[in-house]
Amino acid sequence: MADEHENGRGTAEPTADGPSEATVGPETTAVDPAVAAAIAAAEAAGPADGASVRVDSWIWAVRLIKTRSLGATACKGGHVRVNGQNVKPSHSLRIGDEVRLRHEGRERIVVVKRLIRKRVGAPVAIQCYVDNSPPPPPREAVAPIGIRDRGTGRPTKRDRRELERLRGLMGGGAGRPSQH
């Protein structure tokens, strides 16, 4: 019993190696020390207890969008929803809110876990939300139809008709209906 107290396993007190599992919590076990330090710095720069963060700032800070102005534009265009409601860029986020973002042909669904105002590195950003997004479509499905080799010149009338037929079969084109 005395051995357990000396090495910190029988208590909830931190050891020389760091905090014990009792003080860490289930979601932060096995976190890289550098990432943990960055998370602490991001939380220190974040809002005080009970405060909130603008939605455009938060989606930029956790790297869902490249720039804050793109985040504001997405909000204004109706591409950002918080708890099922379209929001303005100045909408206040709180922990536990569900954010849905349509961006680059994909819908991201995340639940806010931490509020931060400043942009952080990708490993830290992942710690700030729970990602419930559907998996991205496979690359083959996203590949554009009709890519031509460089230097082959303009497509012939036959080539153009084949491309239109392919686009019509794939459902992506607004070509003329067939006259069969």
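Which residue forms a salt bridge with Arg100? The partner is Glu107, and the closest N and O atoms of the two residues are 3.4 Å apart. The legends below describe close-up views of a predicted model.

**View A. Arg100 and Glu107 meet in a salt bridge.** Both residues keep some access to solvent: Arg100 is partly exposed, with 28% relative accessibility, and Glu107 is partly exposed as well, at 31%. Neither residue counts as buried, because buried means under 20% relative accessible area. The distance between the closest N and O atoms of Arg100 and Glu107 is 3.4 Å. This salt bridge belongs to a structure that holds seven salt bridges. Arg100 also has a role in strand pairing, as the bridge partner of Arg81 in β5.

**View B. Five strands, β3-β2-β5-β6-β7 in that order, form an open sheet.** The pairing in this sheet is antiparallel. At its edges lie β3 (85-86) and β7, each of which pairs on one side only. Strands of a sheet pair through backbone hydrogen bonds, either parallel or antiparallel. The next three views go through pairings within the sheet.

**View C. Strand β2 pairs with strand β5.** β2 covers residues 80-82 and β5 covers residues 98-103. Three bridges connect the two strands, which pair in the antiparallel sense. Arg81 has Arg100 of β5 as its bridge partner.

**View D. Strands β5 and β6 form a hairpin.** β6 spans residues 106-112, and six bridges join β5 to β6. The two strands run antiparallel. Leu101 is matched with Arg108, its bridge partner in β6. Two residues lie between the strands of the hairpin. Glu104, in the turn, has a positive phi of about 55 degrees.

**View E. Strand β6 pairs with strand β7.** The pairing is antiparallel and extends over three bridges. Val110 has Asp131 of β7 as its bridge partner. β7 is an edge strand of the sheet and pairs on one side only.

**View F. Arg54, Asp56 and Arg68 are linked in a network of salt bridges.** The side chains of Arg54 and Asp56 meet in a salt bridge with an N to O distance of 3.1 Å. Asp56 meets Arg68 in a salt bridge as well, with an N to O distance of 3.5 Å. The latter pair links distant parts of the chain, since Asp56 is in helix α4 (residues 55-61) and Arg68 is in helix α5 (residues 68-76), twelve residues apart. How accessible is Asp56, buried or exposed? Asp56 is buried, with a relative accessible area of 2%. Its two arginine partners are partly exposed: the relative accessible area is 35% for Arg54 and 37% for Arg68.

**View G. Asp56, in helix α4, is shown with its surroundings.** The side chain of Asp56 makes a polar contact with the side chain of Arg54 at 3.1 Å. A polar contact of 3.5 Å joins the side chains of Asp56 and Arg68. Leaving out residues up to four places away in sequence, Asp56 touches Arg68, Gly71, Ala72 and Pro89. Asp56 counts as buried because its relative accessibility is 2%, and the cut-off for buried is under 20%.

**View H. Trp58 and Tyr129 form an aromatic pair.** The structure holds one aromatic pair. Trp58 and Tyr129 are arranged edge-to-face, with 6.3 Å centre to centre and 75 degrees between the planes. Trp58 lies in helix α4 and Tyr129 in strand β7 (residues 129-131), so the pair ties together parts that are 71 residues apart in sequence. Trp58 is buried, and so is Tyr129.

**View I. Cys75 and Cys128 are shown in a structure with zero disulfides.** Cys75 is buried at 4% relative accessibility. Cys128 is buried too, with a relative accessible area of 2%. A search of the whole structure finds zero disulfides.

Note on methods
Residues are numbered from 1 along each chain as its sequence is written. This is a predicted model: local features need pLDDT of at least 70, side-chain atom pairs count only at pLDDT 80 or more; totals for chains, interfaces and linings use all residues. Side-chain values use heavy atoms; hydrogens and water are left out. Two strands pair if DSSP finds at least two bridges between them. Helices (H or I, at least four residues) and strands (E, at least two) are DSSP runs, numbered from the N terminus. A salt bridge is a side-chain nitrogen of Lys or Arg within 4 Å of a carboxyl oxygen of Asp or Glu. Buried means under 20% relative accessible area, exposed over 50%, partly exposed in between (1.4 Å probe, protein chains only). A polar contact is a pair of N or O atoms within 3.5 Å; within protein, one must be able to donate a hydrogen and the other to accept it, and residues adjacent in sequence count only if both atoms are side-chain atoms. Contact means heavy atoms within 4.5 Å. Rings of Phe, Tyr and Trp (its six-membered ring) pair if their centres lie within 6.5 Å; planes under 30 degrees apart count as stacked, over 60 as edge-to-face and the rest as tilted. A disulfide is a pair of cysteine sulfur atoms within 2.5 Å.
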